[in-house]
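Me: Please take a close look at the backbone geometry of the model shown below. I should also like to see that part set against the chain as a whole.

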Amino acid sequence: MLVYYYCRTSFYIMVKYNYINVGGLHMRINKFFSVFLSLLMVCSIFGGLSVSATTIDKTHTYTVVGDAPFLGAKWDPTTVADDMVVQSDGTYKKTYTNVSKSDCYSIKVTEDHDWSVNFGSNLGENEPQNIEFSVPMDNSTVDVILTLKGTRNKDGKVITDGFVKVLVDGVDAPGKVVPTETTHYVAGEAGLCNGINWEKDNEINKMTKNQDGSYEITLKGVNPKTDGTPYEFYVTTNGQWEPGYVYYGEKDPGSENALLTITEPNSTVKIVLTAKLKVRVYVNDKEVTPEMRKSEFVTSLGGTYTGPINNKSKRYFFAMPEKWFNFSNATACAFWWSGEDACYDQQHSYIMRPTSIKTDDDSVVYYIDVAESVHNIIFTNGIEGSEKRPIGNDYDPNYNKNLQTFSINLDRYKAGECDLYPDGVDNFDNMIYVVDSNSRISVDPSGYLYKGNWYYLHSDGKWDTSKGSTYEIHNTNVKLNTRRANLTVDNFIYLVPTFKNVRTEAEIKWTSSNPEVATVDNDGKVTAKSVGDATISISVQNPDDKEPVVTTCKIKVNNIYRIAVTKLPNKIEYALGEGLDVSGLEVTVYYKDGTSKVVENYTLDYDLTRVGERTVTVQHYDYIDTFKVKVNPKTEPTNLTKPTVKKVTKVEVNKKSVALLNGRSAVVKATVTPNNATNKKLKWTSSNSKVAVVNSQGKITAKGRGNATIKVMALDGSNKYATIRVTVKQPVTSVKLSRNSAILKVKGNAKQKTVTLKATVNPKNANVKSVKWTTSKSKIATVNSKGKVTAKKKGTCFIYATAKDGSKKYAKCKITVK
């Protein structure tokens, strides 16, 4: 054995220093190689052993890394204290003593204080998984052993291969202990939580699981707070702050906590987390859970949408998650835009219509029919994403409660763009958009944005990624003969409904938003009661409809007795061909209570194209009065005296400047002084038709980015004119990234952990070329304002670069963190 060891030592020295040592003589390999082989043969014969292929390679350093507290540092390959020691058998070993009990420790081994080469429990893995193990008892000894064996190819380079083994107290380490069930705790103020102030995992505040899947805890001896304010609390999960739960469900990070006011001393409080993950609270055996709040900030600018009038439509379905109903009047809404139009002020904003589909997780399916020209759509819970409004020092109740999807492109998935449809999808007609609950991105103060995926919705209300049967809906609809009406007190009108797909057993209801102003009976008879405004609604609901369809008519009630023309116009005689001049006209409204006032909101109806006495009708709401004017034949002058010519002294416009996006239009109105100028004709011109053009009616149309001056000049020779400065901005039409995907390593070196993306906006002459960088999963990878992406945790996410000009154009890069 001694000869064999000496022989192995000689072999190592040969490899390391290119010479061998035999009996104290130093002989170079290229000269005495045959002698060395002879010596090796002798060793083999006398030792009765075969030559080992294992060598002790001291040219590399191997280090244990991980999250275990017994390490010198967490996940730091440069920590010398965790360097392993080479053993006589060629393996490397690091021993840790007095290790504490734990359900899970994670480690691996790195080479040369760098992440580029690392080792796990198996051979041949370039990116090995962490080794996860448990320690059953305190004061244990943990041995980490690295065995080198052969080589492997990584990124075209040959590197050392090997595997790691972990021993606990001399035997193979047991695997990590996986909790058998979820645990929940109550965290909050000390006065409520058994004297424990805001601890997420204190055992004294651990909740007990019930047979129905709910959890509960009873807190005794709870007293009112001395300042009279409510206690704050919420329910944590598995000893972590997130996910947390409050009354309406999962708590959004940074949003308000649950509040509980105690009014009686020595109260007993029971807090329950239901199987649907909503918090309910009982004080002294009486439920005090707040009702789900309502919000006055509900987006439904256009009411319930029943499809385009003159265009072909496509139908889209949306599965609205149950947790999006964070207000009792929340509902699925959609807003959209066409072509390059950005979605300003939620134009085309409508409530979606419900189906009878309700999923196992309590999501509700809605649908909407939009015109084929619609290119982008956003689904939302209907809560206006307002900023913090001034209500003392408190947040507006709907602050951070707006939940909506990203801007969804309705063109199609291109081949390879989506993991669900690697071959692409032609269109999304009759498909359903399902939100991915793990794709939330915080957008303060509006609320949260989510991403999701399209699925095929089938006739049974189920969805998947395979084409098949189509879910069909027979639209229930109701329309009224008028959408607005004006009444005086004690008068009435009948509203006449027209129904579509309404069954005989359908429930039909008429209601008034303000019965003190106007009432309605079951026949649609609307009776005015007092001055004011009211909305009359008719709702129709078939037995299998989840929600009724509602159509409304706005009623304005006044107490007008009559109207009268109390002053005639200054001019009541005209030559044929002249227009009506109402200068000096006065219209007075007389009310039933004896009061009156002069009004200007009236309309005129007249015809001055015929000679003779003509009647002019004045109308205010449904009340009218008339006056007479005389129209004389047009006469030729009897002398050669040149008629008096009144020239224009001033040209004015209602807008001094106009800002437009390329392709948009705006109308500017021009007037001349004096009003009775002989020639009022105007000429409109543009200083730069490549930027903006204008027609004879003052309609300005943007043609290209830049500035132009619109000039409107009088044609009577007075040379009077006015100008309008036009600024045309070029919106972003597309965003491209320097790469579509990237692979990062969470435990790699600086170059492996980060990548910097570059965004290019098109066209090149876009006014705003900056983009906003966001990540779909900040726990996996973050991105800064310069596009630098940093790996945080293993997984997959997307990095988005969105144009800041409001065009909603974006590009994305798939990030895979290993």
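Reply: The account below begins with the whole chain, turns to the backbone, and ends with selected side chains. The model is a predicted one, in which local features require pLDDT of at least 70 and side-chain atom pairs count only at pLDDT 80 or more, while totals for chains, interfaces and linings use all residues. Residues are numbered from 1 along each chain as its sequence is written, and side-chain values rest on heavy atoms, with hydrogens and water left out.

The chain comprises three helices and 68 strands; these are DSSP runs numbered from the N terminus, with helices being H or I of at least four residues and strands E of at least two. Of its 818 residues, 41% are buried, where buried means under 20% relative accessible area, exposed means over 50%, and partly exposed lies in between (1.4 Å probe, protein chains only). Among contacts with a separation of 6 or more, 60% link residues 24 or more positions apart, a contact being heavy atoms within 4.5 Å. The chain exposes about 44,500 Å², and carbon and sulfur atoms supply 48% of that area; accessible areas follow the Shrake-Rupley method with a 1.4 Å probe, and for residues only the protein chains shown count as cover.

The backbone part starts with cis peptide bonds. One of them joins Thr 673 and Pro 674, with omega at about 5°. Pro 674 belongs to the loop that runs between β54 (670–673) and β55 (682–686). Another cis peptide bond connects Asn 762 to Pro 763, where omega is about 0°. Here the proline, Pro 763, sits in the loop between β63 (759–762) and β64 (771–775).

Positive phi values come next. Asn 266 is not a glycine, yet its phi is positive, at about 55°. This asparagine lies in the loop between β18 (258–260) and β19 (267–273), and because its relative accessible area is 56%, Asn 266 is classed as exposed. Asn 719, likewise a residue other than glycine, has a positive phi near 65°. The loop that holds Asn 719 lies between β58 (706–714) and β59 (721–729). With a relative accessible area of 56%, Asn 719 is also exposed.

A further loop residue is Val 496, placed between β37 (492–494) and β38 (497–500). Its relative accessibility is 46%, so Val 496 counts as partly exposed. Together with Phe 492 and Tyr 494, Val 496 forms a nonpolar surface patch with about 310 Å² of accessible area in total. Patches consist of residues with over 30% relative accessible area and no salt bridge, like charges being joined within 9 Å and nonpolar side chains (Val, Leu, Ile, Met, Phe, Trp, Tyr) within 5 Å; a salt bridge is a side-chain nitrogen of Lys or Arg within 4 Å of a carboxyl oxygen of Asp or Glu.

Buried positions complete the account. Thr 110, in strand β6 (residues 102–111), is buried because its relative accessibility is 0%. Leaving aside residues up to four places away in sequence, Thr 110 touches Thr 61, Tyr 62, Thr 63, Val 65, Pro 77, Trp 115, Val 117 and Asn 118.

The structure contains zero disulfides, a disulfide being a pair of cysteine sulfur atoms within 2.5 Å. Cys 797 is accordingly in no disulfide, and the nearest cysteine sulfur, that of Cys 813, is 8.8 Å away. Cys 797 is buried, since its relative accessible area is 1%. Cys 553, at 0% relative accessibility, is buried as well.
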